Amino acid sequence: MSLDTMPPRRPAATEDERARRTGVTDRTEARRLRLPSRSLVVALVLACVTLMVVDHERGPDSPVEPVRSVAGEVVGPAEAFVSAGLRPVLDLPDQLRSNQQLRSDVAALESENDTLEGALRATGYDAQRVAALEDLRAVAGDLGYALLPARVIAIGPAQSFGRTVTIDAGRDAGLGPDMTVVNGDGLVGRVTAATAQTATVRLAVDTGFTVGGRVGENMELGFVRGNGGLGGDGHLDLELVDETVVPREGQTVVTWGSEGGAPFVSGVPIGEVTKVYESLRETSYRAELRPYVDYSSLDLVGVVVPSGTDSARPVIEADRSVRMP
């Protein structure tokens with residue numbers, strides 16, 4: 001019989017016991033393994049500083065230039081390949097932003113286009129108004145009277161059996177009843193009533209309208225009356241005072257004028273003789289006139305006012321100058 005003199009084996013220490021004895025835990029060991037050693041960091045820093053000192057003079061004479069060239073040859077294609085592959089992905093936000101910007105630009109251009117089209121549509125109307133104003137200045141010079149420009153803002157209803165329009169100038173502008181109204185083509189009518197801001201004009205084509213006319217070539221006198229038509233069927237009738245005189249087609253008839261220029265000033269073109277009728281019973285002649293004024297498209301007209309009229313609106317003087325209020 002033999003005796004076992006070997007000391008009894010101690011059980012293996014657990015990880016916690018080893019950590020308590022050595023003071024090193026698994027977490028500390030893992031952190032130590034992940035961090036580079038201090039000597040390695042110092043060596044890398046010294047290597048970088050050395051390269052910076054050696055390469056402080058850039059250019060072909062630099063000692064590291066061959067290394068740089070080799071690195072460029074090797075790394076350059078790889079950079080180009082990676083850049084080509086990543087560029088579509090990296091540029092995607094810019095492309096999305098560009099599309100949004102393009103939509104905004106298109107919307108802005110469409111808005112600008114609409115504005116320009118509106119201005120283009122209004123260009124014709126503005127040109128007509130400018131031409132009408134120039135015509136009034138010419139008429140003022142030709143007639144030798146001052147004119148107050150006004151716009152037609154309303155036309156009288158046909159049910160009233162009267163041909164009238166309303167203009168946007170009244171007593172405040174120096175207007176009143178029995179004033180002659182013209183435009184660039186000739187006689188429009190006369191003012192019959194005025195308020196502070198507007199005035200009513202009876203048109204020459206109204207059936208109740210009568211104005212003294214003078215045949216331009218032979219100075220024969222007569223009376224011109226309207227027939228009520230505004231459009232293509234509108235005309236004026238001329239009856240001469242001398243029943244023996246026969247008017248001829250194509251002759252021009254103008255106003256002979258009233259005493260004091262009211263309600264009509266002299267020399268305003270009324271119309272042209274287009275037809276001549278003979279009245280067998282009265283042994284006289286009646287002429288039909290085509291008016292110079294298109295009464296269905298009246299816009300800017302001029303009211304004859306005394307020169308120097310105190311008005312709140314611009315006045316075209318007889319010398320064609322425009323006097324501002």
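Which side chains along S5 point to one face and are buried, and which point to the other and are not? The views below start there and then move on to other parts of this predicted model.

**View 1. Strand S5 and its alternating side chains.** On one face of S5 sit Ala199, Val201 and Leu203, and these are buried. Thr200 and Arg202 point to the other face and are not buried. That's the textbook pattern: in a regular strand the side chains alternate between the two faces of the sheet.

**View 2. S5 with its two antiparallel partners, S2 and S4.** Here's S5 again, now with company. Strand S2 (residues 164-167) pairs with S5 in the antiparallel sense, over 4 bridges. Strand S4 (residues 187-194) also runs antiparallel to S5, and 5 bridges join them. S4 and S5 make a hairpin, with 4 residues between them. Keep an eye on Val201 in S5: Val165 has Val201 as its bridge partner, and so does Val191. Val201 is also one of the buried side chains from View 1.

**View 3. The edge-to-face pair of Phe209 and Phe264.** Searching the whole structure turns up 2 aromatic pairs. In one of them, Phe209 and Phe264 meet edge-to-face, with 5.5 Å centre to centre and 70 degrees between the planes. Phe209 lies in the loop between strand S5 (199-203) and strand S6 (210-215), while Phe264 lies in the loop between strand S9 (252-255) and strand S10 (269-279), so this pair ties together parts that are 55 residues apart in sequence. Are these two rings buried or exposed? Phe209 is buried, because its relative accessible area is 2%, under the 20% cut-off. Phe264, with a relative accessible area of 5%, is buried as well.

**View 4. The edge-to-face pair of Phe223 and Trp256.** The ring centres of Phe223 and Trp256 are 5.5 Å apart and the planes sit at 65 degrees, so this pair counts as edge-to-face. Again the pair links distant parts of the chain: Phe223 belongs to strand S7 (residues 221-226) and Trp256 to the loop between S9 and S10, 33 residues apart. Phe223 is partly exposed, with a relative accessible area of 34%. Trp256 counts as partly exposed too, at 28% relative accessibility.

**View 5. A salt bridge from Arg320 to helix H4.** The whole structure holds 10 salt bridges. One of them joins Arg320 to Asp142, and their closest N and O atoms are 3.2 Å apart. This one links distant parts of the chain: Arg320 comes from the loop between strand S13 (315-316) and strand S14 (322-323), whereas Asp142 is in helix H4 (residues 65-143), 178 residues apart. Asp142 counts as exposed because its relative accessibility is 59%, over the 50% cut-off. Arg320, with a relative accessible area of 36%, is partly exposed.

**View 6. Asp299 and Arg151, a salt bridge between a loop and strand S1.** The side chains of Asp299 and Arg151 meet in a salt bridge at 3.5 Å, N to O. Asp299 sits in the loop between strand S11 (284-291) and strand S12 (300-305), and Arg151 sits in strand S1 (residues 146-155), so to speak across a gap of 148 residues in the chain. Arg151 counts as partly exposed, at 28% relative accessibility.

**View 7. Arg286 and Asp237, a salt bridge between two strands.** In this close-up the closest N and O atoms of the Arg286–Asp237 salt bridge are 3.1 Å apart. Since Arg286 lies in strand S11 and Asp237 in strand S8 (residues 236-240), the pair ties together parts that are 49 residues apart in sequence. Arg286 counts as partly exposed, at 35% relative accessibility.

**View 8. A nonpolar patch of four valines.** Val41, Val45, Val49 and Val53 form this patch on the surface, and together they have about 310 Å² of accessible area. Val53 is found in helix H3 (residues 38-54). At 53% relative accessibility, Val53 counts as exposed.

**View 9. Stepping back to the whole protein.** There are 4 helices and 14 strands in all. Of the 325 residues, 27% are buried. The protein exposes about 21,200 Å², with carbon and sulfur atoms supplying 57% of that area. Among contacts between residues at least 6 apart in sequence, 55% join residues at least 24 apart.

Notes:
Residues numbered from 1 in each chain as written. Predicted model: local features only at pLDDT ≥ 70, side-chain atom pairs only at ≥ 80, totals over all residues. Heavy atoms only, no water. Patch = residues over 30% accessible without salt bridge, like charges linked within 9 Å, V, L, I, M, F, W, Y side chains within 5 Å. Areas by Shrake-Rupley, 256 points an atom, 1.4 Å probe, with all protein chains shown as cover. Buried < 20%, exposed > 50% of the residue type's maximum accessible area, 1.4 Å probe, protein only. Contact = heavy atoms within 4.5 Å. Phe/Tyr/Trp six-rings, centres within 6.5 Å; stacked < 30°, edge-to-face > 60°. Pairing = 2+ DSSP bridges.
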